[in-house]
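Here's a walk through the pockets, the charged pairs, one strand and the cysteines of this model. Have the structure open and follow along.

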Amino acid sequence: MPLEWSSSPPELLLVVDRGSGLPLRAQLEHGLRDAIRTRRLDVGERLPSSRELARTLGLSRGLVQDCYAQLQSEGYLVTRPGSATRVAAGAAQTPGLPQPRNEAPRLVADFRWGVPDLGTFPVRDWLWATREAARAMPTAAFDYGDPRGSAVLREVLAGYLRRVRAAVAAPGHIVVCNGYAQGLGLALGVLADAGVRTVAFEDPGSPATIGGAAAAAGLRAVPVPVDERGIDVDRLAATGARAVVVTPAHQWPTGVALAPERRLALIEWARGRDGVIIEDDYDAEFRYDREPVGALQGLAPDRVVSLGTVSKSLAPALRIGWMVCPPELVEPLTARKYRSDRGTPTLDQLALAGLIESGRFDRHLRRMRATYASRRTALLAALAEHAPEVPVTGLAAGFHAVAHLPVGVDEHHVVAAAHTRSVGLYGMSTCRASRADGPAQLVLGFGNVGVRAITDGIAAVSDLLTGRSRAEAGGPCEEARRR
């Protein structure tokens with residue numbers, strides 16, 4: 001996209017060498033051609049006026065005007081009366097080289113997991129909160145500030161987490177970070193500094209994310225099986241790990257909640273091993289037909305680092321998260337955060353604090369619970385109509401479900417074939433440490449796909465989900481229509 005300039009002329013890096021022996025006009029023409037061919041100047045880009053470019057380079061204005069006229073005759077530039085000189089359409093395209101395509105294929109339905117409804121981001125509320133934060137922001141707040149994060153946001157978050165997640169949260173024990181990924185990396189780095197050598201994680205879970213963060217911290221990552229009651233604590237104890245990453249409120253990706261006796265056993269494991277539990281509290285705001293489950297951190301604030309973000313509740317692009325830390329980890333986490341990036345953007349933190357304090361955040365969550373509930377209902381109805389043989393689990397909270405494919409159905413084939421029908425499906429195998437494709441399961445995200453698209457998408461791949469032929473899936477009427 002070409003830059004647009006309001007009044008000041010655009011700057012352009014060009015160099016003329018008066019000692020080279022080459023004519024100055026030839027040097028200028030070559031420099032401009034090269035800038036256009038290499039796309040330093042894109043199609044439609046405005047060039048400086050001949051007067052401004054002559055002043056900048058110390059040339060005569062007539063020489064620059066002659067240069068512009070030559071490049072215009074060659075098709076590189078275009079000039080219209082009353083308008084600036086710009087790069088001509090097609091001038092920056094190199095013949096014979098394919099132009100990059102940035103557009104992803106359009107899908108009827110994309111059941112990608114982990115993405116909230118991006119179209120319902122509360123833009124007006126966020127703009128209001130940002131304006132209010134900027135208006136009231138003292139001059140000193142524009143400095144780097146406390147690497148733990150804004151004191152205002154930490155105070156608001158502490159109250160919010162106590163109220164909504166039953167957390168034991170004090171402002172002084174919260175460190176604001178740039179989303180879950182940074183929080184996880186900071187926590188694992190601090191644990192490695194403290195002598196931890198192995199971190200465990202749930203299987204299925206997030207092997208790529210946790211494995212990558214563990215490797216960056218110099219730790220070994222080991223998987224621990226998950227069953228219908230959550231992580232197997234006995235198997236965890238056998239790994240020798242002193243840290244574990246868990247999703248107790250809504251296990252990713254199976255959707256089970258960590259059973260009460262497993263919660264207590266996990267805390268006892270941490271105390272007996274002098275270990276640390278890293279709790280990913282990633283989508284606990286959204287629940288439908290179950291009682292709320294409090295944060296594990298509320299039961300053992302001395303053993304749990306609880307990570308939360310607004311990536312699911314608002315939007316991933318905000319990159320705002322937080323860590324509720326045991327007291328002895330606050331200082332090393334703060335120091336590591338400071339070394340990492342000096343701190344999370346203050347204006348965004350204050351905007352989030354205002355959004356929560358004003359009640360607009362809670363209002364948005366209530367609206368989104370209703371939206372996701374209707375999509376959950378649509379997904380269940382579509383599967384019941386088009387693929388009744390496919391059981392679905394993990395729907396008590398969040399905005400994804402697990403579809404269990406019949407025996408004999410190949411997960412990879414279903415995913416690949418669905419894509420040819422413009423439906424994005426994603427297999428459970430990528431969530432397993434072994435990458436095993438059995439049992440065949442799909443993780444169906446419905447956060448960023450509408451009700452109509454859910455229905456159409458499931459209908460388009462019903463035969464793939466059940467392992468039947470398209471004629472069998474469609475029935476006699478469908479077969480007759482195809483004839």
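Let's start with the walls of the largest pocket: α6 (179-193), β5 (198-203), α7 (207-217) and β10 (304-309) each put at least two residues into its lining. Helices here are DSSP runs of H or I with at least four residues, strands are runs of E with at least two, and both are numbered from the N terminus. Bear in mind that this is a predicted model, where local features need pLDDT of at least 70, side-chain atom pairs count only at pLDDT 80 or more, and totals for chains, interfaces and linings use all residues. Residues are numbered from 1 along each chain as its sequence is written, and side-chain values use heavy atoms, with hydrogens and water left out.

**Pockets**

A pocket, on a 1 Å grid over the protein atoms alone, is an open set of points where a 1.4 Å probe fits, with protein on both sides within 12 Å along at least five of seven lines; lining residues have an atom within 4 Å of a point. Grid points are joined across faces, edges and corners, and the volume is the space filled by probe spheres set on the points.

Which element gives the most to the lining of the largest pocket? That's α7, with 4 residues. The lining has 29 residues in total, and Tyr180, Ser206, Thr209, Trp252 and Lys312 sit nearest the centre of the pocket. Sorted by class, the lining comes to 13 nonpolar, 10 polar and 6 charged residues. For that sorting, Ala, Val, Leu, Ile, Met, Phe, Trp, Tyr, Cys and Pro count as nonpolar, Asp, Glu, Lys and Arg as charged, and the others, Gly among them, as polar. The space inside is about 690 Å³.

The second largest pocket holds about 330 Å³. It is lined by 25 residues, with Met137, Ser150, Val152, Thr346 and Leu350 closest to its centre. Two or more lining residues come from each of α4 (123-136), α5 (151-165) and α11 (346-357). Of these, α11 has the largest share, 6 residues. The class split for this lining is 12 nonpolar, 8 polar and 5 charged.

**Charged pairs**

Call it a salt bridge when a side-chain nitrogen of Lys or Arg is within 4 Å of a carboxyl oxygen of Asp or Glu. By that rule there are 22 salt bridges. Here are a few of them:

| Pair | Closest N to O distance |
|---|---|
| Arg25 and Glu29 | 2.7 Å |
| Glu52 and Arg55 | 2.5 Å |
| Asp302 and Arg271 | 3.6 Å |

How do these sit in the fold? Arg25 and Glu29 are 4 residues apart in helix α1 (residues 24-37), so about one helical turn separates them. Arg25 is partly exposed at 32% relative accessible area, while Glu29 is buried at 10%. Buried means under 20% relative accessible area, exposed means over 50%, and partly exposed is in between (1.4 Å probe, protein chains only).

Glu52 and Arg55 tell a similar story in helix α2 (residues 50-57), being 3 residues apart and about one helical turn from each other. Glu52 is partly exposed at 22%, and Arg55 is exposed at 59%.

Asp302 and Arg271 make a longer-range link: Asp302 lies in the loop between β9 (276-280) and β10, and Arg271 in helix α9 (residues 260-273), so the pair ties together parts that are 31 residues apart in sequence. Both ends are partly exposed, Asp302 at 33% and Arg271 at 40%. Back at the Arg25 pair, salt bridges with shared partners join Arg25, Glu29, Arg33 and Glu74 into one network.

**Strand β4 and the cysteines**

In a regular strand, side chains alternate between the two faces of the sheet. In β4 (residues 174-177), Ile174 and Val176 point one way, Val175 and Cys177 the other, and all are buried. This strand pairs with β11 (residues 321-324) in the antiparallel sense, over 4 bridges; pairing takes at least two DSSP bridges between the strands. One of the bridge partnerships is that of Val176 with Trp322 in β11.

And how many disulfides are there? The whole-structure search finds 0, taking a disulfide as a pair of cysteine sulfur atoms within 2.5 Å. For Cys177, the nearest cysteine sulfur is that of Cys325, 8.7 Å away. Cys177 is buried at 2% relative accessibility, and Cys325 is buried too, at 3%.
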